[in-house]
Amino acid sequence: MTQATDALSGHEAGSALGAPGRRSARLLAKSLLALTKPRIIVELLVTTVPTMLLARRGLPAVELILVTLVGGTLAAGSANTINCFIDRDIDAVMKRTSRRPLVAKGAAIKPAEALVFGILLGAASTVLLGTLVNWLAAALADAAILFYVFVYTLGLKRRTASNIVIGGAAGCFPVLVGWAAVTGRIGLPSIVLFAVIFFWTPPHFWALAMKFRDDYAAANVPMLPVVASASVVTRKIVVYSYIMVAATLALVPYAGWLYGCCAVGLGTWFLAEAHALRGRVAAGDAPAPMRLFHRSILYLTLLFVAVAVTALLPVGRW
């Protein structure tokens, strides 16, 4: 779904390793953490708690929230770590990812160790969610891991410009996990929230890919900005943005009119930047796609804050 956390520099890695065969425990721990891409995990968890509040129409048990968040963190960390294992060849080519733990000079982590670590994280997530939450939540978390690894990373990323459109669905599963954790089922509002994130992901990621187009081209990854003109990319960004905003409004009958007002205001704000990006490209100006990228993160965060707040308030419902 966003730009991953950079790993330690090769210089730091090399100095911390010391004598051959010896590895600094501190560097090892930091490298393992970097494999999980913590910034991406934070963004995923931002959507989980508000969904749980909406499902409960109030505050669920704190223990349930904490266990669901830990389980979701383990699942996301598993998917991201295995992704780093699979993509280490292209990560080494791309400047943006060349400092990740498996490809940095003097790397502290071996590929086989990363793979085992990723699998163990997934197993821990399954056991934790299954035994302390419910098995539907555990199954959904497992589905997210499998989808990200096999459908997106192995199946789509290097083969089609639609990779992020379809593969981005992996980042939508946390809302289903959160809803299932509270209710024991998948409800229509959680499906709507799934759709919101699904249609949010392409504008978010295409803006990033516009910035790092040369990186993806060097690695032969057919992200849309690599295989299509900037005008085509920005036109699709605008289209997906409108669909995303429409999806946010589909939640109004359940979340209430106060949420609806927030969704309209935030949607207008997001669409303004999407149109501005397209306008800059049409005018031949510097596109500055990262403006939309950063706004997209803030937009999604504020939208889910609105979901959380309106779920807790005694006013604003129909």
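**Reading helix H3 and its surroundings**

Q: Which residue just after H3 takes a positive phi?
A: In this predicted model, Arg57 follows directly after H3 and takes a positive phi of about 60 degrees.

Q: How many residues does helix H3 have, and how far does it reach from its first C-alpha to its last?
A: A helix can be read by setting its reach beside the span expected at 1.5 Å a residue. Helix H3, residues 38-56, has 19 residues. Its reach from first to last C-alpha is 27 Å, close to the expected 27 Å.

Q: Which residues of H3 are buried, and which helices do they pack against?
A: A residue is called buried when its relative accessible area is under 20%. In H3 the buried residues include Ile40, Ile41, Glu43, Leu44, Thr47 and Thr48. Also among them are Pro50, Thr51, Met52, Leu53, Leu54 and Ala55. The buried residues of H3 pack against helices H4 (62-86), H9 (173-183), H10 (188-211), H14 (252-255) and H16 (290-312).

Q: How many cavities of 30 Å³ or more does a search of the whole structure find?
A: Rolling a probe the size of a water molecule over the atoms shows where empty space is left. Here the search finds three cavities of 30 Å³ or more. The second largest cavity holds about 50 Å³ of space.

Q: Which residues line the second largest cavity?
A: The lining consists of Glu43, Val46, Trp200, Ile297, Leu300 and Thr301. H3 and H16 are the elements that give two or more residues to this lining. H16 supplies the largest share, three residues. By character, the lining residues of the second largest cavity divide into four nonpolar, one polar and one charged. Glu43 thus appears twice in this account: it is one of the buried residues of H3, and it is one of the residues lining the second largest cavity.

Q: Is Leu140 buried or exposed, and which residues does it touch?
A: Leu140 lies in helix H7, residues 135-156. Its relative accessible area is 9%, and because this is under 20%, Leu140 is buried. Leaving aside residues up to four places away in sequence, Leu140 touches Phe173, Leu176, Val177, Ala180 and Ile186. The C-alpha atoms of Leu140 and Pro225 are separated by 31 Å, and the two residues are 85 apart along the chain.

Q: How many disulfides does the structure hold?
A: A disulfide is a covalent bond between the sulfur atoms of two cysteines. This structure holds zero disulfides. Cys261 is in no disulfide, and the nearest cysteine sulfur, that of Cys262, is 6.9 Å away.

Notes
Residues numbered from 1 in each chain as written. Predicted model: local features only at pLDDT ≥ 70, side-chain atom pairs only at ≥ 80, totals over all residues. Heavy atoms only, no water. Helix = DSSP H or I, 4+ residues; strand = E, 2+ residues; numbered from the N terminus. Expected span 1.5 Å × (residues − 1). Buried < 20%, exposed > 50% of the residue type's maximum accessible area, 1.4 Å probe, protein only. Contact = heavy atoms within 4.5 Å. 1 Å grid on protein atoms, 1.4 Å probe; cavity = no way out; pocket = protein on both sides within 12 Å on 5 of 7 lines; lining within 4 Å. Points joined across faces, edges and corners; volume = space filled by probe spheres on them. Nonpolar A, V, L, I, M, F, W, Y, C, P; charged D, E, K, R; others polar. Disulfide = S-S within 2.5 Å.
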